[in-house]
Amino acid sequence: MPTNQLFALFCGTLLVLGLIAYLAGRYKAVRVRASGTAMHAQPDQYAWFSVLSTAGPAIAVGALGGIAMLLLGAEIPTPYLLAASLGVGGVGLFAGLRRVRPDFHARKALESVVHGCLAGAALISIFTTFGILISIVGEAIRFFQMQSFWDFITGTTWNPGASFLEAAGRAEEGASAAQFGSIPLFAGTFMITAIAMLVAIPVGLLAAIYMAEFAPARVRTLAKPVLEVLAGIPTVVYGFFAAISVAPILVDVAGLFGLDASFNNALAPGLVMGIMIIPFISSLSDDVINAVPDSMRQGSLALGLTRGETIRDVVLPAALPGIISAALLAMSRAMGETMIVVMAAGMRPNLTANPLEDMTTVTVRIVASLTGDQEFASAETLSAFALGLVLFVVTLSLNLVSVIMIRRFREKYRINNL
Amino acid sequence: MSQSFDEISAQLRRRHRKTTRLKWMSMGALGLAALFLVVFFGDMLAKGLPAFQQAQIQVQVDYNERAAELPLAAVQEDVRPLVSRGYLRLIPGRMEDNPELLGTTRKEWVLADSAVDQYLKGHHTGLRDGQAAVVERLQADGRAELRFNSGFFTRGDSKMAELAGIASAAMGTLMTLLVTLAVAFPIGVMTAVYLEEFAPDNRLTQLIEININNLAAIPSILFGLLGLAIFINVFGVPRSSPLVGGLTLALMTLPVIIIATRTALRSVPDSIRHAAFGVGCSRWQVVRDHVLPLALPGIMTGSIIGLAQAMGETAPLIIVGMVAFIPDVAASFSEAATVLPAQIFTWAGEPERAFVEKTSGGILVLLAVLISLNATAVVLRKTFERRW
C-alpha cells in the first residue's frame, strides 16, 4: 500500500478512536453525575480528557518513530510504526476512560497539557535560533577543516574556481589552487552599506524630525503610511529597479563627467538600498523623538532658544541613543540584504575604493556558491556557510548593541512603550 | 560691549531663519522619499503595463499532411517568422485531436512572435527590415493588433517571451504561503499567548523574548541556510518544493506574528481578565473565551502583514532551490515549484528585451497583491479596532 493511503487510513482510524473516546468519556461522566455524585469537572472536560489520552500518546509515538527514522536512520517499516502508535492510542483510550471518576480533576489535567503545549510552542523560536547557529557553524567548521581560517579572514583573493576539481579528486588539473580570502567581499559589503547609510541616515532622520516636530497632524497621518510602503516593496523589485533603471542612468551621468562606470557599479544598489532603509530609520527615530519628554522642549523654549535650536541642541542629543540604535538596526539590515545586490551589484570580487566599479558582497557570494551545480561537500558550497557565520555574528552584535542603546534611552526617560 | 537692539533683532532673525531652513530641509527629505515612490511606480507602470497586451496576427493556417510533420508548413512563408513557434508546435497535436481539420484552410488569429510584439509596441528590435515591412502591411490591413494578454495569467514559465506567464509562480506562491500560514500562525499565536498570559517571569522567559526580537532582525538569507542545512539535508524535505519554502518562510514570519499577537493581547484591558477570574474561570478559560476573541482582529492584522512580508521574500527561497525553470503548475506540496518573486528574479536574468516587460508585469501583479493584502489589514484594523 502506498504511504499516502496508509497515512490517510491511520488518520481516519485515529479520528474514529478519538470520537469513541469523546462519546464514551462523556457518557460515563454523565451517568456518574446522574447518579447524584458530585464531580470535580464537567462531562465535556472528561470527554476531552479521554480524547487527549487517546490521541496524545498515539501521535507522540508516531512522531518519535518518524524522527528516529529521519535523524538516526533507524529502519522501521511504516505500517508497523503506524500500527504500534494506534495500539498505544487504544491503550490510552482505556486508561483515559478508567480515569473518568468523580475525584479526578479532568480540567486541571487538560489545562496542564494546554500549558505544556503553549510552552512548547514558545521554545520553537529558541530552536530556530539554535538551528540557524548549528547549521551554519557545523558546515562552517567543515569548511575551515579544508581551508585555513587565517587565509579566510586576511586573504585578499577570492577565487573558488578550482575547488570543484579538488572535490572531484582532480586537484592537479586546476591551474591554480582555490583561494578563499574574504576581504574583497567584506570590502564590497561595507562599501555598499556605507553608501546606503549615507542616503538613509540624513533622509530618514530629517523626515523623522519633520514628522515629529513640524508636520501638522494631517500630513503626519498621510506621511507615515507612504514611508511604510517603501519598507513593504519586495527587495527583488528594488533589485530590478536598481539594475534596469538606476544603473544605466548612473553610467550616463558618470559619462558626462568623463568617468567610466560599470553597469554593475556599487553606487546603484547602494542608493536604492538606502531608499529602502529610510523607513527603518525614520519610523524608529520618529518614535524616539516623540518620546523625548515635552518638559525638555518647554524648558528650552522658555530659555529663549528657537525651535530649530531646541531640536538641534536639546531634542536630538536626548534622542541620540535611540537614533544610533535605529541606525545600527538599519545597518544590519543593509548588510544582510541580498536581492538588491544579487541583481544590481557585480559578481567579481574586487578590492577597490571606487564605487563606480563593480564589486561583490558577502550575500552575493553566498547565493552564487549555493546556486551553482556543485556537490554539497565542495569547499565552494561550504564557503557560503563560513560567510553566513560571519554575517550572523556581525548582524547579531549590531542588533545587540542596538537593543542596549534603546534600553538605555528607555531607562533614562522611563518610557515603557518603545 | 553691548549690542544695539537692531543688532539683536537681526541676530534673532538669523536664528529664526535657521529654524525655517531646518523645517524646509526636513520637509524636503520627506518629499524626496515621496518623489522616489512616484518615480518608482511610474517607471514600473511604464515598463510593465505593456506586458498585459500581446500581439496577435491573423494568418492563413493550412491544415495539410505536411503540416502534421512540419508545423512550419502550415503558414505561408512571408509570415512564418512572425508567428510564435510555441503556437506552431501545437498544430500537429490539434490535428490529431480534431481529424476534421485535415485538408481545411482557415483564417485564424494566432499568437505573434515576441519580436513582432515588441515592434508593435514601438521597440524596433529583433525584426529584420523585410519582416518589419510585412508587419506594417498586416497592421495596415487590420490583421495584426495588440490584444489583452490572458496567457500571462494562465500559462507557466517559458523560454519564449510571448508564451511566458505567471500561472505556475502564482500557484507556487499560494501553496508556499499556505504552508507558511499553517505552521507560523498556530505556533506564533501559541507562543504569544504563553509569553503574555502564562509565562512566569524567569530567566527562560527573558531568553525567549530576547531571542524572538533577535530572530526578527536576522538577515533573511540566513534562514535560507537553515532551510538548506536542516530541512533539506537533515530531514530530507524535497528541494525546491513549496513545503521546504513554506517551512523556511514560516520561521521568518514567526517573530512578526508573535510580536503582533503580543501587542494585540496586551491591548485587551485587565478588567476583562479580572471579571472572568471573578466568576471563577480558570486561566485557560479566561484566555480562550475572553482575551483571544477580543484580540483576534489585531492578531489577524499582524498575520496578514507577516504573510505579505513572506510573500515578497526571495533570498531564502533561492537558497532552498525555489528558483528554477518551472513551466507547469506544481501538483503537490513536495514537487518543484517557484514563487512570484523568484519568477521575477528569473525573468530579470533573461537578456531579451521582451522579458524586461514580462518582469515589470510580474512586479505589477506582485505589488498589486501586496498592496491589497496590506490594505485588507488596515481595513480590518480600522473596522474592528476597539479603544478601551
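Start by selecting Arg15(B): at 25% relative accessibility, this residue counts as partly exposed. You are looking at a predicted model. Now add Glu309(A), which is buried, with a relative accessible area of 15%. The two side chains form a salt bridge, 2.9 Å being the value for other pairs on this tour and 2.7 Å, N to O, the value here. Because Arg15(B) sits in helix α1 of chain B and Glu309(A) in helix α12 (residues 307-336) of chain A, this pair joins two chains.

Stay on chain A and select Arg220(A), Lys224(A), Asp286(A) and Asp287(A): salt bridges with shared partners link them into one network. Over all chains, the structure holds 22 salt bridges.

Next, pick Arg297(A) and Glu213(A), whose side chains meet in a salt bridge (2.9 Å, N to O). Arg297(A) belongs to helix α11 (residues 294-302) of chain A and Glu213(A) to helix α7 (residues 183-214) of chain A, so the contact ties together parts 84 residues apart in sequence. Both Arg297(A) and Glu213(A) are buried.

Then move to helix α4 (residues 106-146) of chain A, where Glu139(A) and Arg142(A) are three residues apart, about one helical turn. Their side chains also meet in a salt bridge (2.9 Å, N to O). Glu139(A) is buried at 11% relative accessible area, while Arg142(A) is partly exposed at 34%.

Finally, return to chain B and select Arg13(B), Arg14(B), Arg17(B), Lys18(B) and Arg21(B), which form a positive surface patch. Of these, Arg14(B) is found in helix α1 (residues 5-48) and is partly exposed, with a relative accessible area of 48%.

Colouring by confidence, you will find that chain B averages a pLDDT of 87.

How values were computed:
Residues numbered from 1 in each chain as written. Chains lettered and ligands numbered in written order. Predicted model: local features only at pLDDT ≥ 70, side-chain atom pairs only at ≥ 80, totals over all residues. Heavy atoms only, no water. Patch = residues over 30% accessible without salt bridge, like charges linked within 9 Å, V, L, I, M, F, W, Y side chains within 5 Å. Areas by Shrake-Rupley, 256 points an atom, 1.4 Å probe, with all protein chains shown as cover. Salt bridge = Lys/Arg side-chain N within 4 Å of Asp/Glu carboxyl O. Lys, Arg positive; Asp, Glu negative; His and termini not counted. Charge placed at Lys NZ, Arg CZ, Asp CG, Glu CD. Helix = DSSP H or I, 4+ residues; strand = E, 2+ residues; numbered from the N terminus. Buried < 20%, exposed > 50% of the residue type's maximum accessible area, 1.4 Å probe, protein only. pLDDT = per-residue confidence, 0-100.
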